[in-house]
Amino acid sequence: MLKRHSAAPGHSFSTLSEQRRSNPKQARLKSLWLRLLLLLLTGVVGWQAWRLLAAGHQINPYFSQLSHETVHWSWRKPTCPLEYKRHQWPDILASRKRPYLFGGQQEPECTNCEVDALWSHFCQFKSHGPICAEWEQKKVIKQLVDRAKAHAPGMEEMLTLTPCDLWSWLRGRTLWLVGDSMMQQMTKAAICFMYEFWDLEIRPLDDITKAAGLHQDFLGEFCIEMPEDTRICHLRVNTVGNLTQRVLPNFRKFTGKTSDVMVVNVGIWYSIPSQYETDMAVFATYYSAHKYELPFMLWRDTAAQHFATPTGEFGLRLAMPFVCKPLNVTLQDDNTLIPNEQCDAGAADVIVQGGFRNRIANPIMSSLGIPIIHTWNLSVPMWEYYHHVAEKGDCTHSCHPSGYQIWLYQVHATMVDVAGDLQRHTLANVNGNNSSLVK
């Protein structure tokens with residue numbers, strides 16, 4: 001019989017199998033524990049990775065050191081495709097740096113800022129659009145700096161915001177900005193904030209849907225396309241009927257996905273409270289029945305107007321040219337409103353509560369679980385920035401940059417606040433197989 005030869009137990013070249021044979025029970029227990037530990041670690045890592053990917057996040061294998069000068073992203077947020085040096089608050093305070101949200105050029109270097117094109121000029125708030133005069137631009141930034149110095153919530157964060165901050169919520173999604181001409185102007189603010197991310201070519205939504213074989217008729221809607229299947233699109237909607245009959249039922253035919261984010265407002269076109277209340281009830285019924293067939297929705301409240309009426313809202317009996325006037329309330333350092341002494345008691349109640357439209361819409365949105373982007377209070381002091389004042393006294397549409405840029409910051413701040421809800425919505429649709437397009 002052949003005998004097995006092996007090195008002595010204390011020999012440095014003893015094989016693992018020899019050691020196992022010397023105490024087989026202990027070896028089996030050790031092997032079992034190692035396998036269980038490895039299985040547990042694999043499961044935890046795999047589950048976290050799946051959650052991030054399902055929510056549209058990219059795991060960054062390169063762990064950059066977080067610097068106070070440059071925006072980097074950890075494994076919890078997607079890496080920004082561009083570098084933006086974050087402005088420091090003392091530089092904003094001393095006017096050494098211009099906030100990115102209000103036309104500051106990308107640092108340490110920019111590309112589209114050097115392009116001689118319409119959107120490059122407009123997005124730096126130099127020409128080609130409803131641009132505030134340079135002195136007005138400085139004035140609105142000073143107003144916000146003064147509020148930040150008074151520790152008003154969100155002001156310092158707004159003035160130091162970078163496009164990479166917003167990118168972390170947009171990556172792999174379309175941000176749909178749905179509403180009337182006010183939302184159209186807000187869309188311009190959004191695409192200008194991100195203007196280094198796209199090719200400065202507006203793409204009509206008609207062309208996009210035709211290419212996808214999903215043709216619909218649109219009213220001037222458009223998109224801009226950014227890296228990693230990321231877009232910002234505007235859909236024109238003036239009334240609740242437009243929203244519930246044309247846009248939402250056909251949303252996926254517009255190349256939409258349930259993982260997208262939709263910011264909605266309809267309000268300015270309504271002047272009769274009872275009609276607005278009736279239509280908002282129709283919206284509530286539709287949304288309740290179709291919530292998980294739709295993208296993650298946020299409601300932007302209706303901003304203040306500054307016509308020469310007790311509450312600043314447009315009146316059918318007003319004659320042109322219109323005169324824009326401040327409202328008889330004061331915006332406090334905590335972003336709340338209080339009436340001035342000369343303010344009519346009835347008007348004061350309406351203004352402090354956000355105007356008749358928001359008094360109707362906001363409770364409905366809260367009951368539906370739709371996050372509200374609050375713009376009314378911060379729009380109250382912005383009565384001097386209407387871009388048609390010299391022509392016809394439009395007291396609704398302001399010039400750029402002013403109120404629309406503030407609203408965009410509030411979109412970002414609201415998404416930060418409801419990040420958990422956004423992730424749950426995304427995961428619910430992934431689990432329910434609802435994230436793909438309807439062909």
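This passage describes the overall make-up, the disulfides and two helices of a predicted model.

The chain contains 16 helices and nine strands. Of its 439 residues, 49% are buried. The surface that the chain exposes amounts to about 22,000 Å², and 56% of this area is supplied by carbon and sulfur atoms. Contacts between residues at least 6 apart in sequence were also examined; 70% of them join residues that are at least 24 apart.

Disulfides provide a further set of links. A disulfide is a covalent bond between the sulfur atoms of two cysteines. Six disulfides are found in a search of the whole structure. When the bonded cysteines of the chain are numbered in sequence order, they pair as 1-6, 2-3, 4-7, 5-12, 8-9 and 10-11. Three of the links are described here in turn.

One disulfide is formed by C80 and C164, with 2.0 Å between the sulfur atoms. The link is left-handed, with -75 degrees about the S-S bond. It connects distant parts of the chain: C80 is in the loop between α2 (24–54) and α3 (89–93), whereas C164 is in helix α7 (residues 163–170), and the two cysteines are 84 residues apart. C80 and C164 are both buried.

Another disulfide is formed by C223 and C233, whose sulfur atoms are 2.0 Å apart. This link has 110 degrees about the S-S bond and is right-handed. Because C223 lies in strand β3 (residues 222–226) and C233 in strand β4, the pair ties together parts that are 10 residues apart in sequence. Burial applies to both C223 and C233.

C324 is joined to C395 by a disulfide with an S to S distance of 2.1 Å. The torsion about the S-S bond of C324 and C395 is about -95 degrees, so this disulfide is left-handed. The pair links distant parts of the chain, 71 residues apart: C324 belongs to the loop between β6 (296–300) and β7 (329–331), and C395 to the loop between α14 (376–379) and α15 (403–417). C324 and C395 are each buried. As for C343, its relative accessibility is 13%, so this residue counts as buried; the cut-off for burial is under 20%.

Strand β4, which holds C233, covers residues 230–236 and also includes H234. The relative accessibility of H234 is 1%, and therefore H234 counts as buried. A polar atom of the H234 side chain lies 3.0 Å from the backbone oxygen of L177. Leaving aside residues up to four places away in sequence, H234 touches L177, G179, D180, M183, Q184, T187, E221 and F222. Among these contacts, M183 is one of the buried residues of helix α8, as is T187.

Helix α8 comprises the 13 residues 181–193. At 1.5 Å a residue the helix should span 18 Å, and the 19 Å between its end C-alpha atoms agrees with this value. At the start of α8, the backbone nitrogen of M182 has a side-chain oxygen of D180 within 3.0 Å. D180 is also one of the residues that H234 touches. The helix is mostly covered, with 12 of its 13 residues buried. These buried residues are S181, M182, M183, Q185, M186, T187, K188, A189, A190, I191, C192 and F193. An α-helix has 3.6 residues a turn, so residues three or four places apart point the same way.

What does A189 of helix α8 touch, not counting residues up to four places away in sequence? Its contacts are H400, Y404, Q405 and L408. A189 is located in helix α8 and has a relative accessibility of 3%, so A189 counts as buried. The C-alpha atoms of A189 and G403 are separated by 9.5 Å, although the two residues are 214 apart along the chain.

Helix α15 extends over residues 403–417. Its 15 residues should span 21 Å at 1.5 Å a residue, and its end C-alpha atoms are indeed 21 Å apart, which agrees. Of these 15 residues, 13 are buried, so α15 is largely enclosed by the rest of the structure.

How values were computed. Residues numbered from 1 in each chain as written. Predicted model: local features only at pLDDT ≥ 70, side-chain atom pairs only at ≥ 80, totals over all residues. Heavy atoms only, no water. Helix = DSSP H or I, 4+ residues; strand = E, 2+ residues; numbered from the N terminus. Buried < 20%, exposed > 50% of the residue type's maximum accessible area, 1.4 Å probe, protein only. Polar contact = N/O pair within 3.5 Å; in protein donor to acceptor, adjacent residues only side chain to side chain. Contact = heavy atoms within 4.5 Å. Expected span 1.5 Å × (residues − 1). Areas by Shrake-Rupley, 256 points an atom, 1.4 Å probe, with all protein chains shown as cover. Disulfide = S-S within 2.5 Å.
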